[in-house]
Amino acid sequence: MLYLICIMTLALSAYYMWTICRVRVGPVRWIYFEIIYNCFIKFLIGNLGLPSALNYVSDLILIIIVFYYFYYKKSGMKITIPSSLKWVIGIYFVITLLSYFVNLYSPLLYIWGFRNNMRFLIFAMMCAVFLKRRDIYTFLDILFGYFILNIFVVTYQFFFKGYNYNAIGDFISGLYAAGEKRGGNSALNWLLCIICAAAIIQYFNKEKSIWYLIVAIAGSTYMATLSELKVFFIEIIVISVVCICVSKKSLRLTIFLMLSVVALYAGIQVIYILFPNFNRFFTLETILAYATNESGYIGDGSINRLTAIRYVFRNFLTSISERLIGIGFGNSEYSSYSFFTSQFYLRNSWTAYQWFYGPIILIETGILGLFSFILIIVNYLYRNVKLKIENIKDNSLRSISLIVGILSLAMLFYNQSMKLETAGYMVQLFLCFPYILEKKEDFCSCQKSIVKTKVRFILK
């Protein structure tokens with residue numbers, strides 16, 4: 001069964017890469033490769049015993065994309081990173097440098113922190129430069145293909161491998177974790193959210209059929225239930241509310257509400273059956289008690305989601321300078337390589353701070369760093385709201401981007417998904433859509449102008 005799934009994964013990925021090679025060129029092709037590669041490589045590493053160093057191929061792909069940018073820039077192509085995006089990311093980068101020079105620690109930790117955190121922002125800038133709106137639709141089709149494949153993978157992991165909560169914890173992650181006990185289903189969670197958001201809003205706008213919507217909601221509910229993704233049932237409510245607010249009232253809205261209520265109720269009841277420990281979890285009182293528990297996420301006084309900032313100030317950042325700029329960018333990082341693992345992590349990993357992205361940013365870069373990072377997401381949302389929409393298809397993409405932005409703010413303190421390869425690249429891809437749509441001249445047009453200039457030069 002495992003080898004059959006691996007063959008299906010490789011076949012689907014090879015098909016997508018072959019298709020993209022036929023219709024896309026240059027950096028656009030490599031951007032597609034970045035997303036596709038991160039949608040399957042961790043599963044193969046964990047289940048076929050491939051070397052973990054293959055994870056770093058993702059970094060090489062990003063370097064190639066950035067190289068294309070500077071190459072085309074030097075060639076005279078009129079491409080540029082959107083100024084507002086460049087400014088907000090630049091502010092965050094300056095604060096990371098300030099945190100390093102004030103604290104003065106191993107430069108290797110700063111480099112590792114840069115690699116782990118800034119790569120997704122760099123990827124977003126490259127997407128804003130090179131992609132067109134049609135690429136976002138293509139990415140949605142690609143992710144839907146992996147969505148369908150993940151249904152089989154999650155089924156295999158739960159029923160055939162026994163990766164259930166009662167056995168080893170919430171480690172059913174589909175294609176997005178390396179091995180049996182290297183769990184974390186946050187990337188799967190993001191995939192479900194993006195697919196559901198796209199299916200709902202495109203159904204409302206008459207771009208997708210009722211069957212597409214049923215597959216998306218039913219498949220997501222099924223996978224969220226087996227993987228014990230309790231947060232998804234809260235996220236789907238947020239997604240639905242946003243979609244309803246940005247859509248016109250119609251018969252399709254009524255049908256969707258009926259389907260979503262049935263799916264939500266059925267999913268919650270099945271979770272209660274499969275995971276008795278979470279019986280009666282979905283009540284406001286229980287959720288708030290769970291999120292604010294003083295004993296922490298894993299007990300023993302560890303960090304918790306809604307109390308994270310207070311915990312960090314009380315236990316890690318005590319001086320004024322530390323609260324402003326943190327202990328240093330990358331200075332709480334960890335790795336399988338000892339020289340990339342900080343002393344802070346060795347002392348404090350028991351608190352589980354490394355499982356939540358917001359506390360990591362706060363610890364390393366202080367209030368200024370956390371505020372500037374939030375400003376990046378707020379900037380995406382602002383550009384989204386200010387965007388002038390000319391047709392209904394663009395409105396669908398804008399709504400998806402808006403939903404991803406809203407969920408991103410919440411996910412900062414819920415998990416560390418925006419720091420992980422698959423989720424990080426997916427999130428930034430959809431967040432930067434407003435910049436893709438508002439470009440006056442797309443990358444392909446710039447390529448043609450460069451070719452024409454060179455031809456004229458040769459003729460002369």
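What covers the buried residues of α3? Before getting to that, bear in mind that this is a predicted model. Helix α3 runs through residues 41-48, and its buried residues are Ile41, Lys42, Phe43, Leu44 and Ile45. The cover over these residues includes α1 (2-23), α2 (26-38), α7 (133-160) and α19 (421-431). Just past the end of α3 you'll meet Gly49, with a positive phi of about 75°.

Let's step back to α2, one of the helices in that cover. Phe33 sits in α2. Is Phe33 buried or exposed? Its relative accessibility is 12%, and buried means under 20%, so Phe33 counts as buried. Leaving aside residues up to four places away in sequence, Phe33 touches Met17, Ile20, Cys21 and Ile61. Take Ile20 from that group: it is 13 residues from Phe33 along the chain, and their C-alpha atoms are 8.5 Å apart.

Moving along the chain, look at how α4 (residues 57-74) meets α6. The axes of these two helices come within 10 Å and cross at roughly 45°. That angle makes α4 oblique to α6. The crossing of α4 past α6 is left-handed. On the α4 side, the contact is made by Asp59, Leu62, Ile65, Val66, Tyr68, Tyr69 and Tyr72, and on the α6 side by Arg115, Arg119, Ile122, Phe123, Met126, Val129 and Phe130. Sorted by class, that contact holds 11 nonpolar residues, 3 charged ones and no polar ones.

Now for the lead-in to α6. Between α5 (83-103) and α6 (107-130) there's a loop, and Leu104 is in it. Phi of Leu104 is positive, near 45°, and this residue isn't a glycine. That's worth a pause, since most residues other than glycine have a negative phi. As for its surroundings, Leu104 has a relative accessible area of 61%, so it is exposed.

Next comes α9, which covers residues 186-204. How far apart should the ends of α9 be? With 19 residues at 1.5 Å a residue, α9 should span 27 Å, and its end C-alpha atoms are indeed 27 Å apart, so the two values agree. This helix is mostly covered, with 19 of its 19 residues buried. After α9 comes Lys206, which has a positive phi near 60°.

A partner of α9 is α11 (residues 230-245): their axes come within 10 Å and cross at roughly 25°. The two helices are therefore roughly parallel to each other. Here the crossing is right-handed. The α9 residues in the contact are Asn189, Leu192, Cys193, Cys196, Ala197, Ile200, Ile201 and Phe204, and they meet Val231, Phe232, Glu235, Ile236, Ile239, Ser240, Cys243 and Ile244 of α11. By class, that makes 13 nonpolar, 2 polar and 1 charged residues. The spacing along each helix is easier to read once you know that an α-helix has 3.6 residues a turn, so residues three or four places apart point the same way.

Our last stop is Ala352, in the loop between α16 (343-348) and α17 (357-386). Its phi is near 65°, again a positive value in a residue other than glycine. Where Leu104 is exposed, Ala352 has 0% relative accessibility and so counts as buried.

Technical notes: Residues are numbered from 1 along each chain as its sequence is written. This is a predicted model: local features need pLDDT of at least 70, side-chain atom pairs count only at pLDDT 80 or more; totals for chains, interfaces and linings use all residues. Side-chain values use heavy atoms; hydrogens and water are left out. Axes are lines fitted to C-alpha atoms, for helices over the stretch in contact, and angles run from 0 to 180 degrees between N-to-C directions. Helices (H or I, at least four residues) and strands (E, at least two) are DSSP runs, numbered from the N terminus. Angles under 35 degrees count as roughly parallel, over 145 as roughly antiparallel, 65 to 115 as roughly perpendicular and the rest as oblique. A crossing is left-handed if the near helix is turned anticlockwise from the far one by less than a right angle, and right-handed if clockwise. Contact means heavy atoms within 4.5 Å. Ala, Val, Leu, Ile, Met, Phe, Trp, Tyr, Cys and Pro count as nonpolar, Asp, Glu, Lys and Arg as charged, and the others, Gly among them, as polar. Buried means under 20% relative accessible area, exposed over 50%, partly exposed in between (1.4 Å probe, protein chains only). The expected span of a helix is 1.5 Å times one less than its number of residues.
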